[in-house]
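Trainee: Please take me closely through one sheet of this model, strand by strand, and then set that part against the rest of the chain.

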Amino acid sequence: MQKNIYIVLFCFGFLLGSVQSQTINLIFTAQDSITMDPVSLDSVMVHNITASCDTVIYGPSPSLLLVYPTVVDEYMQGRNDQLNILPPFPNPSHGTAYFEITLQEPGPVEVSLFNISGVILHKCHLNLQAGLHLFKVESSENTILFLRASTVSYSSTVKLINIGNGSSGNMISYMAYKQMVQKSESYSDYFVFSPGDQLSYTSAQQGYYWDNIIDIPLDDTVYNFILNPVIDGWYIIGASTAYQELNKNSMMQITRNEITQQTDSNLFELYIPVIAGDEGFNIVEVAGSSLTTYGPDTDFLTVLFGLEGEPLIPFQRGSYTESINPFTVPFDGMYHVAIYNQTRKVVVVPVHWGMIGAATYNLWNSSVPMIGSPFDLFTMSWTIDSIDLMNGEWKYRYSDGWKVFLDTTVNLGGGITGVSVNANLGESVDSLVPGGNNIVNNLPGIYTSTLEYILGSGYQASLTFIDSLQVTPWTGVICDAVGPGISSDNPSAIPDPSSWNWGNRIIADNGGVPSSIGNLYTWTWTSIILEAYEGFKLRTLNGLPSPVNNMYFDAGYLDLNVAASAPEIIDGGPPNHNLIATVKASYTIVLHIDAANNNEREIIITMD
């Protein structure tokens, strides 16, 4: 049977004579998003965003009749009580509900939950400031319950129907505080409405996610909720997140074990913005009609210095256990939350994105930091307005880490131990994958790089080309080969005239200057005799800055393309890593410098 709730808005019009009124009738229905069959609602919370007040109406197809005056703009909002406990939502509850208390003056307040027999199930005492306070109530009782708020002089009680078992007991938790909106110099616990107000409608029905519609009603309207049935899985919910109840957007996703880079059905993760403070969040497991709430165990602690490859900032790691105690974070921001349900391990890591790789000016040494947007519970972004990208590979990674371990000892079989999640995104700008292959940049240039996150949709990236990249001009730069490994049997060899004073020197072919194809520069030494087991290197002429571009270098074994070179060429070892030939013979030496790839060097030495 449809239940109508009539909201009458009083005003001062009776002082002026007769008052004309108008009405708007709001009707709420619902459908299953898969079958499109009608769904009976438990309740709908109607929140007047403009006036900051709300009311709850009940199903299965509830309606709300708004009656508002047309003579004056201001109206009384209801009685001015010192203490009021507002109707809980959802009601009927399936184990968990939320309610608010309005308090006109600061002071001690007792909040209690008791059953129809008067037995107190839970009680808490708080010192509250004046304003509006949000609470959460959880109960394992399947019965009619009552919530009471009391001060020394005032008391207020509301009824709560609990038709489903909650966690493992009865609990009232303080969630948040906000100031009340004042209008006509009085506070109100009544729902009020005037034309132009923006209303929010939130549905509640067992077995379905909550759904929300926002509108400015001007005429009679039927609102139809399209509900997504709750899916079995792991969810993050809590007052410090965007969702205080189950929502598909806060469902954790199966992800890769970084150690194997294979998907692990026991490993779940979610990136989610979290507000700092005591309210925090819990991890909830949904299995059919069973809901289990988890919080931090006693070994869940802050890690100041992680293992090799982990983020270079403090983060939290440990075990989770069945509990309504929340996980909390030290500051507002984006967090990476991951669990491994085989050993009940969890990590909570602050996320600060950057770019790293051979295509960036920091190479693979450290990340180029991206600037984060202001904190938001639903969407955040990170941007570099102008970054030089060379030809080469790169990735997004957060907090200067590659991975985060959940368990270092678990045996996965086949000699593989440990479970970790990726702290990087790769594959391609258009299709990001945690731990994916390196992203390849084929067009050197100056770019604007943006990484955007939308809760429920994940990460989307974009690279916007701004301008061509000014690459190093190597044309005309003379290079030589130098060292005792350069045999004096070479007709063009001379004793090294530089300050190095190291063996012999031979200038490259073509007067020592390179040939070039695009941004790839090549120096060649054709048929050079190398002494056995003597070191040599390649460098800008005499090891000095070139007058052409003021750049200089010396290159040794670390720049050798070993696979493309003769096996007779070996490493002279640290600290200089000289090139060494194990056989005296004639060799051809080729030096490449890719100016568009951060001046990457490659040496290839083949035996003639």
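Mentor: Two strands pair if DSSP finds at least two bridges between them, and the strands themselves are DSSP runs (E, at least two residues; helices are H or I, at least four), numbered from the N terminus. The model is predicted, with local features needing pLDDT of at least 70 and side-chain atom pairs counted only at pLDDT 80 or more, whereas totals for chains, interfaces and linings use all residues. Residues are numbered from 1 along each chain as its sequence is written, and side-chain values use heavy atoms, with hydrogens and water left out.

The part I would choose is the open sheet of four strands in the order β9-β8-β11-β12, where the pairing is antiparallel. The strands β9 (120-128) and β12 (155-161) stand at its edges with a single partner strand each, so one side of each has no neighbour in the sheet. Neighbouring strands here are turned by 15° against each other on average, direction ignored; for such values, axes are lines fitted to C-alpha atoms (for helices, over the stretch in contact), and angles run from 0 to 180 degrees between N-to-C directions. Strands of a sheet pair through backbone hydrogen bonds, either parallel or antiparallel. Strand β8 (residues 107-115) and strand β11 (residues 144-150) pair in the antiparallel sense over six bridges, and one of the residue pairs to look at is L113 with its bridge partner L147 in β11.

The approach to β8 also deserves attention. Q104 lies in the loop between β7 (96-103) and β8, and it counts as buried because its relative accessibility is 17%, where buried means under 20% relative accessible area, exposed over 50% and partly exposed in between (1.4 Å probe, protein chains only). Although Q104 and N84 are 20 residues apart along the chain, their C-alpha atoms are separated by 9.2 Å. Ahead of β7, the loop between β6 (83-85) and β7 contains P90, and the peptide bond from F89 to P90 is cis, with omega near -5°.

Another open sheet of four strands makes a useful comparison: it has the order β4-β3-β14-β15, with antiparallel pairing. Its edge strands are β4 (53-58) and β15 (211-215), each pairing on one side only, and its neighbouring strands are turned by 20° against each other on average, direction ignored. Strand β3 (residues 43-48) and β4 pair in the antiparallel sense over six bridges, with M45 standing opposite V56 in β4.

Strand β23 (residues 315-322) has six of its eight residues buried, so it is largely enclosed by the rest of the structure. It pairs in the antiparallel sense with strand β21 (residues 290-296) over three bridges, where P296 stands opposite Y320 in β23, and with strand β22 (residues 301-303) over three bridges, again antiparallel, where T302 has Q316 as its bridge partner. Strand β25 (residues 345-350) is a further antiparallel partner of β23, over four bridges, and there S319 has K345 as its bridge partner.

Now the setting. The protein chain has zero helices and 48 strands. Its C-alpha trace spans about 115 × 55 × 50 Å along the principal axes, and its radius of gyration is 35 Å, whereas a compact globule of 608 residues would have one near 25 Å; the radius is taken over C-alpha atoms, and the globule rule is 2.2 Å times the number of residues to the power 0.38. Buried residues make up 50% of the 608 residues.

The largest nonpolar core has 60 residues, of which M252, I283, W353, Y396, L451 and Y459 touch the most other members; such a core is a set of buried Ala, Val, Leu, Ile, Met, Phe, Trp, Tyr and Cys residues joined through side-chain atoms within 4.5 Å. Leaving aside neighbours within four places in sequence, W353 is in contact (heavy atoms within 4.5 Å) with residues including Y271, W382, Y396, L451 and Y459. A second, separate core of 30 residues includes I486, L530, F553 and A555.

Two loop residues complete the account. S399, in the loop between β30 (392-398) and β31 (403-413), has a positive phi near 50° though it is not glycine, and at 6% relative accessibility it counts as buried. L363, in the loop between β26 (353-357) and β27 (368-369), likewise has a positive phi, near 55°, but it is partly exposed, with a relative accessible area of 34%.
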